[in-house]
Amino acid sequence: MSFDPGMLHNNGHTAYANGTGPGIRETGVVEKLLTSYGFIQCSERQARLFFHCSQYNGNLQELKIGDDVEFEVSSDRRTGKPIAVKLLKIKPEVLPEERISGQVGPDLHAYPFTVLHGYIHPVVSAIPVHLDGKSAPGQVPTGSVCYERNGEVFYLTYTPDDVEGNIHLDTGDKVSFYMETNKHTGAVSARNIQLVKKKQMRCQGVVCATKEAFGFIERADVVKEIFFHYSEFKGDLEALQAGDDVEFTIKDRNGKEVATDVRLLPQGTVIFEDISIEQFEGTVVKVIPKVPTKNQNDPLPGRISARIGFTDKELPFGEKDTKSKVTLLEGDHIQFNISTDRRDKLERATNIDILPDTFNFTKETREMGVIAAIRDGFGFIKCVDRDARMFFHFSEVLEESQLHISDEVEFTVVPVGPLYKLLTKDMLSAQRNHAVRIKKLPKGTVSFHTQSEQRFVGVVEKEVVATPNKNASPTKNKEKEAEEGVIAYEDCGVKLTVPYHTKDLEGGGHPQVGDKVEFSINEVKRTGQQSAVSIRVLNRNASNAKRLHGFVATLKDNFGFIETANHDQEIFFHYSEMCGELENLELGDTVEYTLSKGKGNKVSAEKVTKVAAVNGIGEDVGTTVMMGKVIRPLRSVDPSQTEYQGLIEVTEEGGTKGQNYPFGIMGMANKADCLQKGELVKFQVCTVAQTGQKMACNVVPQRRAMVECVKDQFGFITYEVGESKKLFFHVKEVQDGLELQTGDEVEFSVVLNQRTGKCSACNVRRVSEGPKPVVTPRPDRLVNRLKSITLDDASAPRLVIVRQPRGPDNSKGFNVERKTRQPGVID
C-alpha cells in the first residue's frame, strides 16, 4: 500500500459525524504496526483508524503495539476515509509497586496485550486447559487479569510462569498481583499472581430425598450428599421429586456446606456411572439380608464372584441392582453388567438377572403346586406335598410370566418375611412359610395323585347316590353333591374295599349294585387316600333293571325330555336324576337311563347318564334331497299336540309328492332350530334300523324374510312365529359382522328359548340389500318460513337456555371430546 502525505487536507478539515473537528486531539492504542503504516484503536469511540509512519513525531523504533498515542483525525484526499495524523506517544504511567487485586479476565491467546476501554466484559476466562503448558512453536499461551482503577477497567496479560504455587486459574477467580513493564517492548503484564478466592462453580446432582421443608442431593462430582432448603429451589416446588436432575451452587453456612440456587435440569443430564455393554456371568456368594442389621452401613452388601478376562473378581451389589425383586440365593447362576462410578471409579454388578439353569447350581428344594387363588399383588398355591396353601407375592414370579388360577408352578419355600406377616396377621397367622422363585410349568406337569399301572376287578357294593337338588338347572353352575360309591375286590387273597365317584367312570355306563367292574387305584400323594379311577363296567347284574338309550329332546328349568331310541316318543326326566355334570348337557346328547313308574302310574327316566354318541337315526340315508313343508311341528314347539313326532309333506313334483315323513329331534340338522308349522324345508329320507320306519333326516329350513327395523343392538324380521308376526334378533347373530338396514332380505334359523318359551332368530345372513333410503327434501312451506325469520322477528321461535350443562365434577361444559357413535358398537 502506498501513501502520499501531500494528499492530506492540511489547510482545512471537514466536520465528522462524531464531532471531530480541526485541532481536536484524540487518544488511542496502537493495534497493528507494520513497516510504513499501522492502525489505531480509538479510546473515546468505536473506531479503527489508519496512520502512516511519517505522521509519527518521535523515534519510530520506540513505537510498539499497545502504546498509547495522541493524534488528530483527517481524511484521505483520494479515498475520503478518516485517518490519524500528527501522532504523539503518551508517556507510560509509572507502575505502582504495591500488590493489586483483580480477577482472571478474558483469554488473549496470540496477542501479548489487549485493553478494553469503557466496556466491562461480562465473561472472564483463563488460559485454556488445552493450551496450559502447550502451544505452537514460538508462541507462549497467555491469559488475562483485569482490575479497576479510577472507574476504569484495565486488562493485563499473564503466562503460566507468572502464577505462584503452580496452580491452575479458572475464569472468574479472584487474584492479587504486581504490575511489570517489559523493558524491550514496553508492554505491561501481571506477575507474582496469587489466588485469593476461587469462583463459585455450579455443581450438578440428583435429588435423593425430600422431606417436609428440605431435601438432600447426591452430588455428581464426589460421593457425597448435600443438604438444601426448599426456599433455595428456583421453580415449581410441587413438581420437585426424588430422582430429578438439578444444578446448584455450594455455599458455607455455619461451617457446613449447603446447596443454594437449586434449579431443575433436563432428565438424563446427570450421569453417575458408566455401564458396560458386555454382559458377564457369575455366582452369588453373599445375598442381601432381608432384614438389615443395626450395624449394617454398607449400601452394597451383596457379593458376586465372576471371572472377568483372566482375573477372578468379587463385585458388590445393592437392592437396586437386580432386574426383578425375585429372591436371590447363594450359589445362584446369574448374568450382569459392570457399572463404574465416575466419581470414585468403584465397580459393582448391576442389571442382575437369574439364568434358567440356576436351579442346577443351588442346593434349594423345589416343590410343585397349582395356583389356587389370586388377590391384588399376591396369591396362594395349593401344594402337592403340604396341606396348607402357600402364600406368594407377584414379585417372586420368574420370567415376568402372567399367572392365572389353575396354572401349574414350581417354587422354593422359605421362612416368612415381614411383608407376609403384615398381609396375613389377621388371615393365616399360623402359617410361617411362603413361596419364592416361582416358575410356571407346562400343563400336565403337576400331579397330586399317583395311579397304579395294575388293573383290578371287583363288584359294586354300593352305587353312587346323587343328592336331590330341586333348583338345579343347566344354565346355573351348581355342582351336585353326591355320596361316593364302594367297590369290593381282592388283592393277594385279601378282601378290600375302595370308594369311587361318578367322574371316574369310563364309557358312560353307570354301574349298579352287583355289576362287575374293572378299575385302577389312585392315591393322593399328600394324604395317602385311595379311590378307584378309570372304572369300566364288565358285566351287568342280571337282576338289575334294563338300561335304555335315548337322546335329549327338551331342556326346561329343572326337567327335560328324552327322545327314545326309536325316535317316536319322549320320556320325562327330572334334573335330580341326572348323574354327572348337568351344565354340560345339550340338545341331541346321547344318554343312558332306566324306566320307572311314579305317582299316577306315569313313566319317567331315572339314573340318567350322558354316554358316548351313537348313530342318530339310521345308517340307511338316501342321497336324494327333497323339498317339503312342515305340517306338524315337534311337541316341544307345540305342547298342545298329543303326538311327539313332527310331520313333513313332500311338495316337489315327482312320484313322492304329497307323501308324509315323520321326524324327531335327531332328524334336525340344527338341534336348536325351532321348526314352525307351514315352513318350507329341505331333507333326506332314512330308515330306522330297529323298526324299519322311514323318517326325515338332515332337515334344514328354507327361511327368507325382510328386515323390518334395526334398533341399536337388536332388530325385528317380518316373519310369523306362533301368535307373533315379528321375529326378534340380536345384531351379534348377524354373520360376517354386516350392518343390516330396513328392507334387507335375510336367511336365518329360529331357536326356542326353553325357559321363556319365546323364539328368536340366529345365524342371520344377508341375501340381498334393500332399497337405499332416499332423503326427502324439506317442504317448501318450511323453507319459506325459515327464510322469512330474522333475529329481530319477535314472533320467531326462540330457544331459551334453562340450565347450562355441567359435568360430573360440577364444571360447566363438556371436557371429554365428543365423537360420532358407531351403530352396534359399545364403548
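**Exercise 1. Place Lys-725: is Lys-725 buried or exposed, and what does it touch?**

Solution. Start with the surface: Lys-725 is exposed, with a relative accessible area of 59%. The cut-offs are these: buried means under 20% relative accessible area, exposed over 50%, and partly exposed in between (1.4 Å probe, protein chains only). Next, find its place: Lys-725 sits in strand E49, residues 724-730. Strands (E, at least two residues) and helices (H or I, at least four) are DSSP runs, numbered from the N terminus. Last, look for partners: setting aside neighbours within four places in sequence, Lys-725 is in contact with Ile-717, Thr-718, Tyr-719 and Glu-720. Contact here means heavy atoms within 4.5 Å.

A word on the ground rules before going on. This is a predicted model in which local features need pLDDT of at least 70 and side-chain atom pairs count only at pLDDT 80 or more, while totals for chains, interfaces and linings use all residues. Residues are numbered from 1 along each chain as its sequence is written, and side-chain values use heavy atoms, with hydrogens and water left out.

**Exercise 2. Get an overview: how many helices and strands are there, and what is the average pLDDT?**

Solution. Count the elements: the protein has two helices and 51 strands. Then check the confidence: pLDDT (the predictor's confidence in each residue, from 0 to 100) averages 79, and 80% of the residues score at least 70. Over residues 1-21 the pLDDT is below 50, and this stretch has 38 contacts in the model beyond near neighbours in sequence. Residues 468-481 also stay under 50, with 26 contacts beyond four places in sequence.

Now the totals. Of the 827 residues, 38% are buried. Among contacts with a separation of 6 or more, 58% are between residues 24 or more positions apart. The exposed area is about 49,700 Å², with carbon and sulfur atoms supplying 50% of it; accessible areas come from the Shrake-Rupley method with a 1.4 Å probe, and for residues only the protein chains shown count as cover.

**Exercise 3. Trace the barrel: in which order do its five strands run?**

Solution. Follow the closed barrel and you get E1-E2-E3-E5-E4, with mixed pairing. Neighbouring strands of this sheet are turned by 50° against each other on average, direction ignored. For that angle, axes are lines fitted to C-alpha atoms (for helices, over the stretch in contact), and angles run from 0 to 180 degrees between N-to-C directions.

Zoom in on one pairing: E1 (residues 26-33) and E4 (residues 68-75) are antiparallel, over four bridges. Two strands count as paired if DSSP finds at least two bridges between them. One bridge to look up is Gly-28, whose partner in E4 is Val-69.

**Exercise 4. Work through a hairpin: which residue between E14 and E15 takes a positive phi?**

Solution. Begin with the strands: E14 (residues 245-253) pairs with E15 in the antiparallel sense over seven bridges. Across the pair, Glu-247 stands opposite Arg-263 in E15. Two residues lie between the strands of this hairpin, and Asn-254 takes the positive phi, near 55°.

**Exercise 5. Follow the charges: which residues form salt bridges with Glu-257?**

Solution. A salt bridge is a side-chain nitrogen of Lys or Arg within 4 Å of a carboxyl oxygen of Asp or Glu. The whole structure has 42 of them.

Take Arg-219 to begin: its closest N and O atoms with Glu-257 are 3.3 Å apart. This pair links distant parts of the chain, Arg-219 in strand E12 (residues 214-219) and Glu-257 in strand E15 (residues 256-264), 38 residues apart. Arg-219 is buried at 8% relative accessibility, whereas Glu-257 is partly exposed at 39%.

Then take Lys-224, which also forms a salt bridge with Glu-257, at 3.6 Å. Lys-224 lies in the loop between E12 and strand E13 (225-229), 33 residues from Glu-257, and is partly exposed at 44%.

**Exercise 6. Try another pair: how far apart in sequence are the parts that Glu-273 and Arg-348 tie together?**

Solution. Check the bridge: the closest N and O atoms of Glu-273 and Arg-348 are 2.5 Å apart. Then find the strands: Glu-273 lies in E16 (residues 273-275) and Arg-348 in E21 (residues 347-354), so the pair ties together parts 75 residues apart in sequence. Glu-273 is partly exposed at 25%; Arg-348 is buried at 17%.
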